[in-house]
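Here is my note on the structure you sent, set out as numbered points for checking against the coordinates. I have kept to helix packing, internal cavities and overall dimensions.

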Amino acid sequence: EAIGLYNLGQTCCLNSLLQVFLMNIRFTGILRRITVPSSPAQRRNNVPYQMLLLLEKMQCGKCKAVGPTDLAFCLSKHRVKLFVQHDAAQLFLTLWNLLKKQMKTPELAQELSDLYTICIQEHLACQNCSFEIKSNSTMLTLPLPVLDANSHRLKTLEDCLQYFFHPEELTGQNMCFCQQCGRKTTFLQSMKLVHLPQTLTLHLKRFCFERSSHTHKLSHYLPFPQELDFNEVLTENQCQADDSEKATWQYELFAVVAHSGFTSCGHYCAYIRSLTECKWYCFNDSEVCQVSWDDVKCTYGHSSLYWRETAYLLIYMKKQPQ
């Protein structure tokens, strides 16, 4: 049974992310195999262990919600501020880094990396000669713009993905020094997809920073699919992977972390598809209820209603082969 988490005071963001982690049976499979710290002080300050205790408390099933007090206290020891508004994408990265850092078994830390880490190859190519620079990097989320370079709204999630991997010409002040030409030249910058993990997190960049240091929310309508095949979205030039890797690039939506309200005053909740029941639930702090796909689609956004729920993080899982 799905169990809620009590809000300790502006902990809706933390609660939503914890539910996304703990409803992922592949993540909890790793969590259950951690080494329990030896001393009471180490146990109090160990994020994976405190998350495991919270999971066990939730699975007792004796009440509709539990309080993540011990875990919140543990996180505060690692400089995660309590009783303040967090950005879900930043807090997700912070939690994941703490989990990986404190998993003392190298094999489990590697399993955690394999479960969530995206691999990208960055290309820089001189447009005046054949000089090229290639480098691989890893990412925990794909940060997808929802506006193009001309501030026009991108219409679908697929458009956002295509735009993210679209090559960009570096000209004028952005020109790079070419070792072969011996001077600054125009370069073509592009990113190619190398590897996708089992659990894929997409970050819709709905919070827009202006020159005046003011942040506003982009709440326009942006639909996302229940099923996503990267082979149909990206071109051959946007991929750097073999056929066996590409064969695993079919995904199903697992969770949506949604934000409602404004940048300075907002609220998070999570819509999660139970992997055991294949039903959607809304986790709104201590309140948990079953919902329909139409309810989840309400997070697509609405141009004129800035306070409405809009999807902020989309978590997809690889489809299991038939």
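The points below go from the whole chain to the helix contacts and then to the cavities.

1. The coordinates are a predicted model, and every point that follows should be read with that in mind. The secondary structure of the protein chain comes to eleven helices and 18 strands. Along its principal axes, the C-alpha trace of the protein chain spans about 70 × 50 × 45 Å. For 322 residues, a compact globule would be expected to have a radius of gyration near 20 Å, and the 21 Å of the protein chain agrees with that.

2. Helix 1 (residues 12-22) packs against helix 4 (residues 47-58) at an angle of about 80 degrees, and the two axes are 11 Å apart. Because of that angle, helix 1 is roughly perpendicular to helix 4. On the side of helix 1 the contact is made by Leu 18, Gln 19 and Leu 22, which meet Met 51, Leu 54, Leu 55 and Met 58 of helix 4. Sorted by class, this contact has six nonpolar residues, one polar residue and no charged residues.

3. Helix 4 also contacts helix 6, and here the axes come within 8 Å and cross at roughly 105 degrees. The crossing angle therefore makes helix 4 roughly perpendicular to helix 6. The residues that meet are Val 47, Pro 48 and Met 51 from helix 4 and Leu 98, Leu 99 and Gln 102 from helix 6. By class, the contact has five nonpolar residues, one polar residue and no charged residues. Met 51 deserves a second look, since this residue is listed in the contact with helix 6 and also in the contact with helix 1.

4. How are helix 6 and helix 7 placed relative to each other? The axes of helix 6 (residues 88-102) and helix 7 (residues 106-116) come within 9 Å and cross at roughly 150 degrees, and the two helices are therefore roughly antiparallel. Phe 92, Trp 96, Leu 99 and Lys 100 in helix 6 meet Ala 109, Leu 112, Ser 113 and Tyr 116 in helix 7. The residues of this contact divide into six nonpolar, one polar and one charged. Leu 99 takes part here as well as in the contact of helix 6 with helix 4.

5. On internal space, the structure holds four cavities of 30 Å³ or more, and the largest cavity has a volume of about 80 Å³. Its lining consists of Leu 17, Val 20, Phe 21, Asn 24, Phe 92, Tyr 116, Thr 199, Thr 201, Phe 254, Leu 313 and Ile 315. The elements that give two or more residues to this lining are helix 1, strand 10 (199-205) and strand 18 (310-318), and helix 1 gives the largest share, with three residues. Eight of the lining residues are nonpolar, three are polar and none is charged. Phe 92 and Tyr 116 belong to this lining and also to the contact of helix 6 with helix 7.

6. The second largest cavity holds about 60 Å³ of space. The residues that line this cavity are Gln 10, Thr 11, Cys 13, Leu 14, Leu 75, Val 80, Lys 81, Leu 82, Phe 83, Val 84, His 86 and Leu 91. By class, its lining divides into eight nonpolar residues, three polar residues and one charged residue.

How values were computed:
Residues numbered from 1 in each chain as written. Predicted model: local features only at pLDDT ≥ 70, side-chain atom pairs only at ≥ 80, totals over all residues. Heavy atoms only, no water. Axes fitted to C-alpha atoms, helices over the stretch in contact; angles between N-to-C directions. Helix = DSSP H or I, 4+ residues; strand = E, 2+ residues; numbered from the N terminus. Parallel < 35°, antiparallel > 145°, perpendicular 65-115°, else oblique. Contact = heavy atoms within 4.5 Å. Nonpolar A, V, L, I, M, F, W, Y, C, P; charged D, E, K, R; others polar. 1 Å grid on protein atoms, 1.4 Å probe; cavity = no way out; pocket = protein on both sides within 12 Å on 5 of 7 lines; lining within 4 Å. Points joined across faces, edges and corners; volume = space filled by probe spheres on them. Rg over C-alpha atoms; globule rule 2.2 N^0.38 Å.
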